[in-house]
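Student: Please take a close look at the salt bridges in this structure. I would like to know where the partners sit and how far they are covered.

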Amino acid sequence: MRAGDRVGVAVSGGADSVTLLLLLLELREKLGIVLSVVHFNHKLRGKASDADEQFVAKLAAKHGLEFHTGSVRVAAKAKKERANLEDAARRARYDFFQSLVESGKLTRIAVAHTADDQAETVLAHLMRGTGLAGLGGIHPVAGSIFRPLLSVRRSELRKFLRAKGQSWREDATNRDTTKMRARIRRKLVPLLEKQFQPAIVNHLATLADLAREDEAFFEAVVDKRAAALIQRSTDGTRIAVEDLLNPCKKKTFNTESAEDTETTEGTRALSARLVRRIVEDMKPRAGELGARHVEAVLEMARLGQNGSSLPLPGGVKAHREQDELVFQATRTEKPGSVPDTRCEYVYNIDLANGGAEVRVAELRCVFRLRVIDWPRKRGETSKESAVLDRDRLRLPVVLRNWRPGDRLRPLGHQKAHKLKRLLNEKRISRWKREGWPVLTSGGILAWARGFPVAVEFAADERTRAGMVVAEEAW
């Protein structure tokens, strides 16, 4: 924290968060911060949830603090999204916290997770199945959220409250051992402490610290390899099969043992992390990529045939295209439905002001159409492959995806051909051609990505004004 920060304390009404508030109240003058209280009502326990909110509101008023409150009927939200109730509650709560920061009402938000919460999280991740990132558990700082009590035991906080004579609220759901988290807290941890290792909570918290340090190092390595090996474009993210399977081998990877690492576990671990990085960066919706998904992608890289495809969580598909793997985001579908990989769009272009800019969200790119003098400034377009005669264009002018049956006679060809044939001749795979952009004038194809403009619209010696079509990644 820095002097002048507007810090919101997330107070549920439970002992941990009430203690955090009292501790920061004692320290606020020394730290030079402005405190307020934040409460989120999940509407999960009826009158008990409302009573929690009233308790926190009175606590804020008692200390003269501003009170920020929000609420969502989380049960209905989880049902609508077909999501886990606990996960839906967490997302709703943190979305509210983020909204307070983004609106400028708060600078940072303090959350009261303890060493016990950390240990329970690590155990939960272990039982669910996890890697190094999961062993890192709860992070002390995540964006505007910070957790100053992660090294403190829950029991110590309760002693502090009793000494202060401060009451708190108890959440009855914390005793519901039908929930795994409650079973870990009330049964597993006490068993481990009593019969195996009294310091298990501290040991697990230390393990989380060490795991986060190692994870940060490996992520820095992945950053460098991803920058060197991954190509991102409007039609997806690509990586050469050889680069994915042997990421230490080439392109300025600075290691003395690079030549000896092709078959080591370290190389495989880096390959797996590259897959995870690609999917995480591009997935359009929630979805957890498991170890079996990563292994399936690597298996497709090792043995997959050209054209083989693999759906992945989060709305991403991977497919093999010759000696490359291509990852693409799919459109959001209803749970249980077959993903629709078609990419369809239609944008009518208004040329009344001479040029136009069209943002095609489906391709994550921008098309810019601009008018230039012709041939006086012809030298400016020496590298442009798409220059049309502005005066030959007829309304409507439309930018859309290609469709079966489209025909184009590119400049230099004697007759028109089906665009599908032209794409095949260029060896454009069926995956890459999804959403392939074309420009029509009066219903006739005037231009298609990757080809010379149509003969009937091409600029020539009679042209007075040219229309340049340029495409940029968005």
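Tutor: What follows goes through the salt bridges pair by pair and then turns to some surface patches. The model is a predicted one. The count of salt bridges comes to 39.

One of them joins Asp 52 to Arg 169, with 2.6 Å between the closest N and O atoms. Asp 52 belongs to helix α2 (residues 47-62) and Arg 169 to the loop between α7 (154-164) and α8 (180-195), so this pair ties together parts that are 117 residues apart in sequence. The two ends differ in cover: Asp 52 is buried because its relative accessible area, 7%, is under 20%. Arg 169 has 28% and is partly exposed.

A local case is the salt bridge between the side chains of Glu 156 and Lys 159, at 3.5 Å from N to O. Both residues are in helix α7, and because they are three residues apart, about one helical turn separates them. Glu 156 is partly exposed, with 41% relative accessibility.

Arg 268 and Glu 295 form another salt bridge, in which the closest N and O atoms are 2.5 Å apart. This pair links distant parts of the chain, with Arg 268 in helix α11 (residues 265-282) and Glu 295 in helix α12 (residues 291-303), 27 residues apart. Arg 268 is partly exposed at 34%, and Glu 295 is also partly exposed, at 27%.

Salt bridges with shared partners also make one network out of Asp 16, Asp 117, Glu 120, Arg 154, Arg 158, Arg 181 and Arg 185. Arg 154 also appears among the contacts of Asp 116, together with Val 152, Arg 153 and Val 201, when neighbours within four places in sequence are left aside. Asp 116 is in helix α5 (residues 115-128) and is buried, with a relative accessible area of 8%.

Patches are made of residues without a salt bridge. Arg 407, Lys 415, Lys 418 and Lys 420 gather in a surface patch of positive charge. Of these, Lys 420 lies in helix α13 (residues 419-425) and is partly exposed, at 48% relative accessible area.

A nonpolar surface patch consists of Met 1, Leu 27 and Leu 31, which together have about 230 Å² of accessible area. Leu 27 is in helix α1 (residues 15-31), as is Leu 31. Both are partly exposed, Leu 27 at 38% and Leu 31 at 31%. Beyond its neighbours within four places in sequence, Leu 31 is in contact with Met 1, Arg 2 and Ala 3.

Definitions and conventions: Residues are numbered from 1 along each chain as its sequence is written. This is a predicted model: local features need pLDDT of at least 70, side-chain atom pairs count only at pLDDT 80 or more; totals for chains, interfaces and linings use all residues. Side-chain values use heavy atoms; hydrogens and water are left out. Patches are made of residues with over 30% relative accessible area and no salt bridge: like charges are joined within 9 Å, nonpolar side chains (Val, Leu, Ile, Met, Phe, Trp, Tyr) within 5 Å. Accessible areas come from the Shrake-Rupley method with a 1.4 Å probe; for residues, only the protein chains shown count as cover. A salt bridge is a side-chain nitrogen of Lys or Arg within 4 Å of a carboxyl oxygen of Asp or Glu. Helices (H or I, at least four residues) and strands (E, at least two) are DSSP runs, numbered from the N terminus. Buried means under 20% relative accessible area, exposed over 50%, partly exposed in between (1.4 Å probe, protein chains only). Lys and Arg count as positive and Asp and Glu as negative; His and the chain ends are not counted. The place of a charge is taken as NZ of Lys, CZ of Arg, CG of Asp or CD of Glu. Contact means heavy atoms within 4.5 Å.
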